Amino acid sequence: MRVMTWNVWWRFGPWRERYEAILATLRQTRPDAVGLQEVWTRGGENMAGRLARELGMHWTWAAWDVPGQWRERLDDPEVGVGNAVLSRWPIADRAEIPLPPAGGGDERVALYALLDAPGRPVPFFTTHLTSAAHASALRCRQVAALAEFVAAHRGGSGFPPVVTGDFNATPDSDEIRLLGGSRTAPAVEGQVLPDVWEYADPAAPAATRDAANPYVAATFRPSARVDYIRVGPPGPGGIGRVTDVRRAGDGPVGGVWPSDHAAVVADLAPEPAPGPAS
């Protein structure tokens, strides 16, 4: 089972050309489930819905209230934004919650989708935390709300919860350690959400906000890993265990960089591991 998270950068930059690069990357990567952040909507058209139609996938989405200055940067007051889930399988249930807001109308959301995968359903989540560099305390409150949301929807299938998103924080930050729940007290007692990147090749490029990307270079910000797939401990027999991790969308497609973020892709085992030979 291949899962993916990707911030697709709303309608910034050459967004029409970027859309084609995003679509091409998804076709090449062939994920079964994707958490998308900064998904645009305008005039009845939704980027996630359009991708789902072209890829033959199911989808759901949740809007978040964006401050006016972000729309001003786009010079288009009609463009909306949100998070979405694309799924190879039908979506049997969904829910969303607002996260503690930053003020000024910047109210982020977390989205849950129960994916009707063969064998057992998969509880899948995606979110996008506030971006201000100084807002670690707020992101901790957002993570606490997210963790409660995961706890309320994680059970019943035997498959561990899959939590994806742009957390706008590095792995050593308070908010990421709080979400993980193993390097500090967890936000929900007993709930841990390990980072799939722990299984990546240590030599593999890890930054998802990468200064090699010209969109990032233009901001003069350093490279950092700020996008994550977190998966609960494997279920019975190792169901949901991580078998491979890598970046995607980390270079130009036909001369166009798809986004200002690279995606994270993880392969998870959908079935128990074979038992020892008798």
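Start by selecting T208, which sits in the loop between α5 (174-180) and α6 (214-217). Keep in mind as you look around that this is a predicted model. Is T208 buried or exposed? With a relative accessible area of 1%, T208 falls under the 20% cut-off and is therefore buried.

Next, show the side chain of D227 together with that of T208: a polar contact of 2.5 Å joins the two. Now bring up the wider surroundings of T208. Leaving aside neighbours within four places in sequence, T208 is in contact with A224, R225, V226 and D227, and also with D260, H261, A262 and V264.

Stay with T208 for the next stop, since T208 is among the residues that line the largest cavity. To see the rest of that lining, add D210, N213, R247, G249, D250, W257, D260, H261 and A262 to your selection. The volume enclosed is about 50 Å³, and the structure holds one cavity of 30 Å³ or more. Colour the lining by class and you will find four charged, four polar and two nonpolar residues.

Then move on to the largest nonpolar core, a set of 62 residues. Good ones to pick are V3, L26, L36, L51, L86 and V162, which have the most contacts inside this core. Helix α1 (residues 15-29) gives the core its largest share, six residues.

Zoom in on V3: beyond four places in sequence, V3 is in contact with A33, F124, V162, I229, V264, V265, A266 and L268. For a last stop, select L114, I176, L179 and L193, which are among the 20 residues of another core, apart from the largest one.

Key: Residues numbered from 1 in each chain as written. Predicted model: local features only at pLDDT ≥ 70, side-chain atom pairs only at ≥ 80, totals over all residues. Heavy atoms only, no water. Helix = DSSP H or I, 4+ residues; strand = E, 2+ residues; numbered from the N terminus. Buried < 20%, exposed > 50% of the residue type's maximum accessible area, 1.4 Å probe, protein only. Polar contact = N/O pair within 3.5 Å; in protein donor to acceptor, adjacent residues only side chain to side chain. Contact = heavy atoms within 4.5 Å. Core = buried A, V, L, I, M, F, W, Y, C linked by side-chain atoms within 4.5 Å. 1 Å grid on protein atoms, 1.4 Å probe; cavity = no way out; pocket = protein on both sides within 12 Å on 5 of 7 lines; lining within 4 Å. Points joined across faces, edges and corners; volume = space filled by probe spheres on them. Nonpolar A, V, L, I, M, F, W, Y, C, P; charged D, E, K, R; others polar.
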